[in-house]
Amino acid sequence: MYLKASLKTSLARLGLLSLALPLTACNLVVMKPSGDIANQQAQLIVASTLLMLLIIVPVIILTLTFAWRYRSSNKEATYSPEWDHSTRLELIIWGAPLLIIIALGALTWISTHKLDPFRPLERLDAQRPVPANVQPLVVEVVALDWKWLFLYPEQGIATVNELAAPVDRPIQFKITSSTVMNAFYVPAMAGMVYAMPGMQSQLHAVINKPGTYDGFSSNFSGDGFSHMRFKFHGLSNDEFAAWVDRNKADGVQLSRELYQTLEKPSEKEPVRRFATVAPGLFDAIVNRCVDGNKMCMGQMMAIDAAGGGGKGAIDGLASKPWSNDQKRIFVAALCTPDNAGQYAAQWSSTRSQD
């Protein structure tokens, strides 16, 4: 008997060990991050899970209990075929989930505003607010096919597939994409934020522990998506300054022409460093006019906001008083097939007089 019990115990332990083995390959960085934003998000996951378990666990237990108690072989169980209502039971069934939903709704409402990626940081961690004299490190992120470009406007450098920032310094990411939608994600620092062409999204975050962390795109974007990864280095202030100096020493100039070559699809791109960056490159990427041969989106939208001057000749624009001694420009005459020649002649005459 003792041997049988010992054998059963050993088999049970072996079974539990075999079930736990797959978990050894799991990376728990999402639940044990190194940045305050990601840490708050992990706490939100835990709180939401516990609130839902307050309903799920009792329901599972009661389901098993009722199935056992009212099995066909239990002749001692109460048999009430005419039963159809219990006020107490109805209050429990509907009241408890309602309270959980209210709690989850309040938690979601608060967290949605508190963890808004566009919202500047108010604290470095739970014990330390952001010092009044500390300015965030601005990093401009561009999702390319299939690699990441990081621009540092304050330092004047850029890198491909390598990101670095000082520990305990707020970071403001400005994120866009060159062609298709991607998602910028460093699990140890903060949740993912989508990168979309022609648009700029933001993420405010901080890394609280030095180390090297994985970053990648979490949105499928084509053949090279699997290799669209980079390393994020959390450094001390001195180490970050040395990292910037190394980029300036080892890098080349990132001109607009070089960027147009860089944005062409390529896979498994190695780390590349750029000592200088062409002025206004990130804004040109967002406005989709890096090559300089077409109108920038910002200019086009400004014309549309002024009334669509892109469709009218120069003489077809007029203005009217608006507010605070300002004038609003609008299109008074549109260029149509009937009058296009007339406006073209007027434009040529005006140009010759100038």
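1. A disulfide here is a pair of cysteine sulfur atoms within 2.5 Å, and the count by this rule comes to one. That disulfide joins Cys 289 to Cys 296, with an S to S distance of 1.8 Å. The link of Cys 289 and Cys 296 is right-handed, with 85° about the S-S bond. Both Cys 289 and Cys 296 are buried, where buried means under 20% relative accessible area, exposed over 50%, and partly exposed in between (1.4 Å probe, protein chains only).

2. A word on the model before going further. This is a predicted model, in which local features need pLDDT of at least 70 and side-chain atom pairs count only at pLDDT 80 or more, while totals for chains, interfaces and linings use all residues. Residues are numbered from 1 along each chain as its sequence is written, and side-chain values use heavy atoms, with hydrogens and water left out.

3. Now to the sheets. Helices (H or I, at least four residues) and strands (E, at least two) are DSSP runs, numbered from the N terminus, and two strands pair if DSSP finds at least two bridges between them. An open sheet of seven strands follows the order S8-S5-S1-S2-S3-S12-S11, and its pairing is mixed. Strand S8 (201-205) and strand S11 (252-254) are its edge strands, each pairing on one side only. The twist from one strand to the next averages 30°; for such angles, axes are lines fitted to C-alpha atoms, for helices over the stretch in contact, and angles run from 0 to 180 degrees between N-to-C directions. At one edge, S11 pairs with strand S12 (residues 272-277) in the parallel sense over three bridges, and Leu 254 has Val 277 in S12 as its bridge partner.

4. There is also an open sheet of five strands, ordered S4-S10-S9-S6-S7, again with mixed pairing. Strands S4 (162-166) and S7 (190-195) stand at the edges with a single partner strand each, so one side of each has no neighbour in the sheet. Neighbouring strands of this sheet are turned by 20° against each other on average, direction ignored. S4 pairs with strand S10 (residues 229-235) in the parallel sense over five bridges, and the bridge partner of Leu 163 in S10 is Phe 232. Helix H4 (residues 237-250) lies across S4 and S10, running at about 145° to S4.

5. Next, the interior. A nonpolar core is a set of buried Ala, Val, Leu, Ile, Met, Phe, Trp, Tyr and Cys residues joined through side-chain atoms within 4.5 Å. The largest has 40 residues, and those with the most contacts inside it are Tyr 152, Phe 173, Phe 184, Met 189 and Phe 232. Strand S1 (residues 137-144) gives the most to this core, with four residues. Apart from it lies another core, of 18 residues, including Val 142, Leu 149, Val 160 and Cys 289.

6. Finally, do look at Ser 177, which is found in strand S5 (residues 171-177). Is Ser 177 buried or exposed? Ser 177 is buried, with a relative accessible area of 1%. Its side chain reaches the backbone oxygen of Val 180 at 2.4 Å and the backbone oxygen of Ala 143 at 3.4 Å. Leaving out residues up to four places away in sequence, Ser 177 touches Ala 143, Asn 182, Ala 195, Met 196, Pro 197, Gly 198 and Arg 288, contact meaning heavy atoms within 4.5 Å.

Methods. Polar contact = N/O pair within 3.5 Å; in protein donor to acceptor, adjacent residues only side chain to side chain.
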